[in-house]
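Subject: Structure for your review

Dear colleague,

Please find below the structure that I am handing over to you. My notes on what was found in it follow directly after.

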Amino acid sequence: MLPGDGGAELPPIAALRRDFIWGVSTSAFQIEGATREDGRGLSVWDTYGLKGQIANKDTGDIACDHYHRYPEDIALMQRLGIQAYRFSVAWPRILPQGRGTPNELGLAFYDRLIDAILAAGIEPWLCLYHWDMPQALDDLGGWTTRDCAGWFADYAALVADRYGDRVKRFATFNEPSIFTLFGQATGGGERDRTGVDTLHRAIHHVNLAHGAAVDAVRARVLGSLIGAIHNYQPCLPSTPADAQAARVCDTYWNRAFPDPQCRGEYPELMQAAMAPHMQAGDLARIHRPIDWFGLNHYGPSYVKAEAGARLGWGFGEKPVGIPLTPIGWLIEPDAFRDTLLTVAKGYKLPVYVLENGFGGFDKPDAAGAVIDNDRIAFLRAYIGALNEAASAGANIRGYFVWSLLDNFEWDSGYGVRFGLIYVDYPTQKRIPKSSSHWYRDLIKAARGQSES
Ligand code: FCB
């Protein structure tokens, strides 16, 4: 597959289950905007924005204005024909201080959102934490304090009590390895200035929070189906001398959360470092029964040994000759197939791909159309790889594109676009890209196949 060779052709999907779920994913901070509205508290990502730490000094203040435009966005989802929509709740919108008195106006927003999603015939998949830690809790140490697990469980209970009559699919965390490794969980509101010890503490407390939230949701929501969402990908050595660095990366990036959550143990390589932060019974608290494994996957990482780096590894040279997305991420559908087989067999849970997508610098053409054949080619190759993994025995139940809309791409701000739908930020006009038509056709064909 070469980037740019897009077109209408659909990938093979014959090995997918009849009840396979097609969806799209977003997250609160990346789309909602309205950060100072209706009593919302600040999150750590508002603080990064205020400090001008994001590309172009972007902030999440307006983002896609989804807080006000959600009916239009749900209508766009309905046109895509998706069966499920994964979104996240902003913890500081419903608990401005992270704990204590809930904000009724914030809670009411998600009531309206969930009701509109259901009215469109789409199943809501609710993720509790997509990185927007309430600033008030971060000020108290955030994930570096053990109390944070309890604060998170109380927040999960509030969400479950309020929405559990309508929402059955719950995810505890999105990509815990990413927000712990890259400094957003290690306290004090500072990023990338943390010691290894802080990292291990944060990892453990996020795992405890996961277990406590699973119990809180399970006890409250009849018929709940609960999981967590992990970023998992081959971590490969750039040179043979980097093999140990790649193993360390694999341990922290891929396994630090799924291993204790699904198997009840930390990977061997990190056990000694975790020991000082653990209390008797903790692994049982983390290893609670869950219903599915959420996989986010984009491409493999190449890793090199880096003396002086926090864990002794850094990103290394990528091999030449492998195609890249415009933002420089490797396009390797075979790595996706292999990862699906690894996680399906390794964790023995039904797998839902909850993020996969293509980041670029899309622009409307002179006629105002956004032609993104390179994104189509990417999706076609990756969904083809997913079909291969299914035919090789991986228990895969669904696939969600990241993302519905172009949105706030964290440190890159609005410069990088992952959407099936283009957002013209100054006017907030939505323009469905060619890939959205292609995805609609694929879902139609897939659903036709499963009905026949
Ligand atoms: C993932 C994040 C998601 C988005 C995509 C591109 O790591 O979960 O919010 O930024 O990458």
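Two residues are said to be in contact when they have heavy atoms within 4.5 Å of each other. Please keep in mind throughout that this is a predicted model.

In that sense of the word, asparagine 103 is in contact with Asp38, Gly39, Arg40, Arg93, Ile94 and Pro96, once its neighbours within four places in sequence are left aside. Asparagine 103 belongs to the loop between α4 (91-94) and α5 (104-119). Is this loop residue buried or exposed? The cut-off for buried is under 20% relative accessible area; asparagine 103 has 10% relative accessibility and therefore counts as buried.

The overall picture

The protein contains 16 helices and 13 strands. Its radius of gyration is 21 Å, close to the 22 Å that the globule rule gives for 452 residues, so the protein is as compact as a globular protein of that length. The C-alpha trace spans about 55 × 55 × 45 Å along the principal axes. Of the 452 residues, 61% are buried. Among contacts with a separation of 6 or more, 78% are between residues 24 or more positions apart.

As for the surface, the protein exposes about 16,300 Å², and carbon and sulfur atoms supply 53% of that area. The protein carries 44 positive and 52 negative charges, and the mean positions of these two groups are 3 Å apart.

A run of parallel strands

Strands β3, β4, β5 and β7 may be followed one pairing at a time. Strand β3 (residues 123-129) pairs with β4 in the parallel sense over four bridges. Within this pairing, tryptophan 125 stands opposite arginine 169 of β4.

Strand β4 (residues 169-174) is in turn joined to β5 by four bridges, and these two strands also run parallel. Here arginine 169 has leucine 225 of β5 as its bridge partner, while alanine 171 stands opposite glycine 227 of β5. Arginine 169 thus appears in two pairings, facing tryptophan 125 and leucine 225.

Strand β5 is joined to strand β7 (residues 292-296) by five bridges, again in parallel. In this pairing asparagine 231 stands opposite asparagine 296 of β7.

How well covered are these strands? In β4, six of its six residues are buried. In β5 (residues 225-231), six of its seven residues are buried. Both strands are thus mostly covered.

Two further residues

Which residues does threonine 339 touch beyond its neighbours within four places in sequence? Its contacts are Tyr232, Gln233, Pro234, Leu295 and His297. Leu295 falls within the residue range of β7, 292-296. Threonine 339 itself is in helix α14 (residues 333-347), and because its relative accessibility is 2%, it counts as buried.

Leucine 324 lies in the loop between β9 (313-315) and α14. With a relative accessible area of 39%, leucine 324 is partly exposed. The C-alpha atoms of leucine 324 and isoleucine 203 are separated by 31 Å, and the two residues are 121 positions apart along the chain.

With kind regards

Key: Residues numbered from 1 in each chain as written. Predicted model: local features only at pLDDT ≥ 70, side-chain atom pairs only at ≥ 80, totals over all residues. Heavy atoms only, no water. Rg over C-alpha atoms; globule rule 2.2 N^0.38 Å. Buried < 20%, exposed > 50% of the residue type's maximum accessible area, 1.4 Å probe, protein only. Areas by Shrake-Rupley, 256 points an atom, 1.4 Å probe, with all protein chains shown as cover. Lys, Arg positive; Asp, Glu negative; His and termini not counted. Charge placed at Lys NZ, Arg CZ, Asp CG, Glu CD. Pairing = 2+ DSSP bridges.
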